[in-house]
Amino acid sequence: MERNGIRVLIETLGSKGAKYYIIDDKSGVIPGLRAECVDSCGAGDAFWGGFLTTLIQEGVKRPEQLKEELVIRAVRRGNIAGWLCVQKKGAMESLPTAEDVARYGKELYG
């Protein structure tokens, strides 16, 4: 990772959540959320939308800004977005709104 200038690596694990690896030897698993899966189409897009939205809202411009606490929040938000997505049918119709993700984020993580 260091040789190629990669600061963070995210491994999505489907219903099991996601694992993160940070260049300074930090890693962890953020568990997935139990859901009645109706359609998994769009779940990955929802995850990455939630993850990247967190980075954008936090003003991340450089890899050095990707600290563990921020990565954990971004993965959690991605997990929530994917979790909401799989509970509805259709790739586009099932994508959650930012408000839905924020509401469930507060309920689940405070």
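**A three-stranded sheet and two lone cysteines**

Let me start with one pair of residues: Glu 11 has Lys 19 in E2 as its bridge partner. Before I go on, a word on what we are looking at. This is a predicted model, in which local features need pLDDT of at least 70 and side-chain atom pairs count only at pLDDT 80 or more, while totals for chains, interfaces and linings use all residues. Residues are numbered from 1 along each chain as its sequence is written, and side-chain values use heavy atoms, with hydrogens and water left out.

When I say strand, I mean a DSSP run of E with at least two residues, while helices are runs of H or I with at least four, and both are numbered from the N terminus. Two strands pair if DSSP finds at least two bridges between them.

So, the sheet. It is open, with 3 strands in the order E1-E2-E3 and antiparallel pairing. E1 and E3 are the edge strands, each pairing on one side only. From one strand to the next, the twist averages 15 degrees; the axes behind such angles are lines fitted to C-alpha atoms, for helices over the stretch in contact, and the angles run from 0 to 180 degrees between N-to-C directions.

Let's walk along it. E1 covers residues 8-12 and E2 covers residues 18-22, and 5 bridges hold this antiparallel pair. Besides the pair I opened with, Leu 9 has Tyr 21 as its bridge partner, and Ile 10 stands opposite Tyr 20. The two strands form a hairpin with 5 residues between them, and Gly 14 in that turn has a positive phi of about 60 degrees. Is Gly 14 buried or exposed? Gly 14 is exposed, at a relative accessible area of 59%. The cut-offs here are under 20% for buried, over 50% for exposed, and partly exposed in between, using a 1.4 Å probe and protein chains only. Gly 14 also lies 11 Å from Arg 34, C-alpha to C-alpha, with their positions 20 residues apart in sequence.

On the other side of E2 comes E3, residues 26-30, again antiparallel and joined by 5 bridges. Here Tyr 21 is partnered by Ser 27, and Tyr 20 faces Gly 28. This second hairpin has 3 residues between its strands, and Asp 25 in the turn shows a positive phi of about 65 degrees.

Now look at the two faces of E2. Ala 18, Tyr 20 and Ile 22 point to one face and are buried, whereas Lys 19 and Tyr 21 point to the other and are not.

On to the cysteines, which I know some of you will ask about. A disulfide is a covalent bond between the sulfur atoms of two cysteines. For counting, the rule is a pair of cysteine sulfur atoms within 2.5 Å, and that gives 0 disulfides. Why is Cys 41 not in one? Because its closest cysteine sulfur, in Cys 85, is 7.7 Å away, too far for a bond. How accessible are these cysteines? Cys 41 is partly exposed, with a relative accessible area of 40%, but Cys 85 is buried at 0%.

One last stop, before E1: Ile 6 sits in that segment and is partly exposed, at 36% relative accessibility.
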